[in-house]
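Student: Please take me closely through one part of this predicted model. I would like to look at the sheet and what packs against it, in one connected account.

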Amino acid sequence: MSQEMILKTENLRKSYESGQPVLKDISFTLEKGEVVVVVGPSGCGKSTFLRCLNMLEPIDSGTIQFKDRIIDRGKRDVYEIRQKIGMVFQSYDLFPHKTILGNIILAPIKVQKRDKKEVTAEAEKLLARVGLLDKKDSYPRQLSGGQKQRVAIVRALIMHPEILLLDEITAALDPEMVREVLQVVLELAKDGMTMVIVTHEMEFAKAVADRVLFMDQGVVVEESLPNEFFTSPRTERAKQFLNTFHYEAL
């Protein structure tokens, strides 16, 4: 793995409008080609952290640095940087009136001003990679949840992001659809895609992570290699969290 820093936060803070803190002084460094998985109980700030990384959520204080640039939400270049930090949500967000191919090629043509023929060829190649080329002329309503989530991943990839943020992308799926989506992410990891992944799928986290961040109440409680975190967590809070999953497995 490269030792090249690609994303960094320092003392990141974020509060709700009520003043209740969501993120408390989070400092984090992501290296190129690294897969970091963020786990923790519901409501601990994981998804908010992810949304702050590409400025979908404004921060109260602290800095976010992409390569050698500090991201400023008030500057126009945030839109350029956001294209380099792609995000896939659990809700797919596909346009229902457009075909699968139409959903995928829209942003690169309209936003990046790329050639339609070139973009279409790349979209078809990516759809084939995730096993959905035969669905290119279908509409989102004709696809299963797992298929729609794979399309959402393709839609993010075609923008050529340098980092991919994945926010609970299997949370809305039936159990039998989860594996097909996770397999795509595992293949991306093998290909060297830099990713930050929020998930409750602990077995998947073990398989894909280079590093695990465990969050609770807006702070990073523990940061470990996956084998260390899942076999010998250092903090009592992490042990309690993992025991919940052991209990559910009984």
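Tutor: In this predicted model, helix H6 lies across strands E3, E7 and E8, and runs at about 145 degrees to E8. Helix H1 (residues 46–53) lies across E3 (35–39), E6, E7, E8 and E9 (211–216), at about 150 degrees to E7.

The strands under these helices belong to an open sheet of 6 strands with mixed pairing, in the order E6-E7-E8-E3-E9-E10. E6 and E10 (219–224) stand at the edges with a single partner strand each, so one side of each has no neighbour in the sheet. Direction ignored, neighbouring strands are turned by 20 degrees against each other on average. Within the sheet, E7 and E8 (residues 194–198) run parallel and are joined by 5 bridges. Leu 165 stands opposite Val 196 in E8.

Next, the nonpolar packing. The largest nonpolar core has 51 residues, and Ile 153, Leu 164, Met 195 and Ile 197 are those with the most contacts inside it. H6 (residues 175–190) supplies the largest share of this core, 7 residues. Apart from residues up to four places away in sequence, Met 195 touches Leu 30, Glu 34, Val 35, Val 36, Leu 164, Leu 166, Val 185, Leu 188 and Ala 189. A second core, separate from that one, has 29 residues, including Leu 7, Cys 44, Leu 50 and Ile 85. In soluble globular proteins, nonpolar side chains tend to be buried together.

Helix H5 (residues 145–157) also belongs in this picture. Its 13 residues reach 19 Å from first C-alpha to last, close to the 18 Å expected at 1.5 Å a residue. Of the 13 residues of H5, 12 are buried, so the helix is largely enclosed by the rest of the structure. Among the buried residues are Lys 148, Arg 150 and Ile 153. The cover over the buried residues of H5 includes strands E6 (85–88) and E7 (163–167), together with helices H3 (100–110), H4 (116–129) and H6.

Two of those covering helices, H3 and H4, are linked by a loop that holds Arg 114. Arg 114 has a relative accessible area of 15% and is therefore buried, the cut-off being under 20%. The side chains of Arg 114 and Glu 118 are joined by a polar contact of 3.2 Å. Leaving out residues up to four places away in sequence, Arg 114 touches Pro 108, Ile 109, Val 119, Glu 122, Ile 158, Met 159 and His 160.

Key: Residues numbered from 1 in each chain as written. Predicted model: local features only at pLDDT ≥ 70, side-chain atom pairs only at ≥ 80, totals over all residues. Heavy atoms only, no water. Core = buried A, V, L, I, M, F, W, Y, C linked by side-chain atoms within 4.5 Å. Buried < 20%, exposed > 50% of the residue type's maximum accessible area, 1.4 Å probe, protein only. Helix = DSSP H or I, 4+ residues; strand = E, 2+ residues; numbered from the N terminus. Contact = heavy atoms within 4.5 Å. Expected span 1.5 Å × (residues − 1). Pairing = 2+ DSSP bridges. Axes fitted to C-alpha atoms, helices over the stretch in contact; angles between N-to-C directions. Polar contact = N/O pair within 3.5 Å; in protein donor to acceptor, adjacent residues only side chain to side chain.
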